[in-house]
Amino acid sequence: MKKITTRFLTLLVMVSVCTTPVLAAALPADNTTKTEPAPATVTSAVDEFKNLSRHERKTRIKEAKKLLKDYKADKRAGRAAETDQVLLAILAILLPPLAVYLKEEEVNSRFWISLILTLLFWIPGVIFALLVVFDAI
C-alpha cells in the first residue's frame, strides 16, 4: 500500500509540474483602495460633464467604454485585483478544492490535485490549497 501511495503522489507531482504555466515576469500587485468618492466630488463631476459640448461628451463616453473593455480583458486574463486572501485562506482550511477553484477561476489540474489530496489525506489537501491560494506554487 505504501508503494502504491508513493507512486501515486509522485505521479500527481509530475502532472502538476508539467501542466503549470511558466510566467515570463511577475505582474505588479494592484494596491488601489476600493472606496466611494465623496458626494460633493460626484456632483461636481456630473456638473462638469453636463457643461461639455456634445462632441466632447461622445469622446468621453467612448473613452469610458474603452477603459471598461480593457478592465474586463484584464480581469479575464487574471490581472484584475486580487480576491480577499483571508476568505480564501479560511476556505482552504475548510474546503480546499473550493478555495483552489475560486483562486484559479476554472477547473484545472490544480483543482483535481487538491480534490484528490483532500479526499485521501485532508491535511495535504489543505497544505496544497494554501500554497495555491498564496501563489507559492
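Student: Why is the pairing of Lys66 and Asp70 called a salt bridge?

Tutor: Their side chains meet with N and O 3.6 Å apart. The cut-off is within 4 Å, from a side-chain nitrogen of Lys or Arg to a carboxyl oxygen of Asp or Glu, so the pair qualifies. Keep in mind that this is a predicted model.

Student: What makes Lys66 and Asp70 about one helical turn apart?

Tutor: They sit 4 residues apart in helix H3, which means a separation of about one helical turn.

Student: How do you know whether Lys66 and Asp70 are buried, partly exposed or exposed?

Tutor: Exposed needs over 50% relative accessible area, and buried needs under 20%. Lys66 comes out at 55%, so it counts as exposed. Asp70 has 34%, so it lands in the partly exposed class.

Student: How many salt bridges does the whole structure have?

Tutor: A search of the whole structure turns up 4. One of them joins Arg60 and Glu48, at 3.7 Å from N to O.

Student: What makes Arg60 and Glu48 a link between distant parts of the chain?

Tutor: Arg60 belongs to helix H3 (residues 54-77) and Glu48 to helix H2 (residues 39-50), with their positions 12 residues apart in the chain. Arg60 has 40% relative accessibility, so it is partly exposed. Glu48, at 46%, is partly exposed because exposed would take over 50%.

Student: Why are H2 and H3 called oblique?

Tutor: They pack at an angle of about 130 degrees, with axes 9 Å apart. Roughly perpendicular covers 65 to 115 degrees and roughly antiparallel needs over 145, so an angle like this falls to the oblique class. That is why H2 and H3 are described as oblique to each other. Glu48, Phe49 and Lys50 of H2 meet Arg57, Arg60 and Ile61 of H3, and the salt-bridged Arg60 and Glu48 are among those residues.

Student: And H5 with H6, why are they called roughly antiparallel?

Tutor: Here the angle is about 170 degrees and the axes are 8 Å apart. The cut-off is over 145 degrees, so H5 is roughly antiparallel to H6. On the H5 side the contact uses Pro96, Pro97, Val100, Tyr101 and Glu104, and on the H6 side Arg110, Phe111, Ser114, Leu115 and Thr118.

Student: How do you know that Arg110 and Glu104 form a salt bridge?

Tutor: Their closest N and O atoms are 3.0 Å apart, and the limit is 4 Å, so the criterion is met. Arg110 has 12% relative accessibility, so it counts as buried, under the 20% limit. Glu104 has 22%, so it is partly exposed.

Student: What makes the side chain of Asn108 a polar contact of Arg110?

Tutor: The Asn108 side chain reaches the backbone nitrogen of Arg110 at 3.3 Å, and the distance limit for a polar contact is 3.5 Å. Asn108 is in the loop between H5 and H6. At 17% relative accessible area, it is buried because the limit is under 20%.

Student: What makes Glu105 and Asp135 stand out in their backbone phi?

Tutor: Most residues other than glycine have a negative phi. Glu105 is not a glycine, yet its phi is positive, about 60 degrees. Asp135, also not a glycine, has a positive phi of about 55 degrees. Glu105 is in the loop between H5 and H6, and with 56% relative accessible area it is exposed. Asp135 lies in the segment after H7 and is partly exposed at 48%.

Student: Which residues make up the largest nonpolar core, and why does that set get the name?

Tutor: There are 12, including Leu88, Val100, Phe111 and Ala129. The name fits because a nonpolar core is a set of buried nonpolar residues joined through side-chain atoms within 4.5 Å. Helices H4, H5, H6 and H7 each supply at least two residues, and H7 gives the most, with 4.

Student: Which residues does Ala129 contact, neighbours within four places aside?

Tutor: Ala92, Pro96, Val100 and Ser114.

Student: How many helices and strands are there in the protein?

Tutor: It has 7 helices and 0 strands. Of its 137 residues, 18% count as buried.

Notes
Residues are numbered from 1 along each chain as its sequence is written. This is a predicted model: local features need pLDDT of at least 70, side-chain atom pairs count only at pLDDT 80 or more; totals for chains, interfaces and linings use all residues. Side-chain values use heavy atoms; hydrogens and water are left out. Buried means under 20% relative accessible area, exposed over 50%, partly exposed in between (1.4 Å probe, protein chains only). Contact means heavy atoms within 4.5 Å. A polar contact is a pair of N or O atoms within 3.5 Å; within protein, one must be able to donate a hydrogen and the other to accept it, and residues adjacent in sequence count only if both atoms are side-chain atoms. Axes are lines fitted to C-alpha atoms, for helices over the stretch in contact, and angles run from 0 to 180 degrees between N-to-C directions. Angles under 35 degrees count as roughly parallel, over 145 as roughly antiparallel, 65 to 115 as roughly perpendicular and the rest as oblique.
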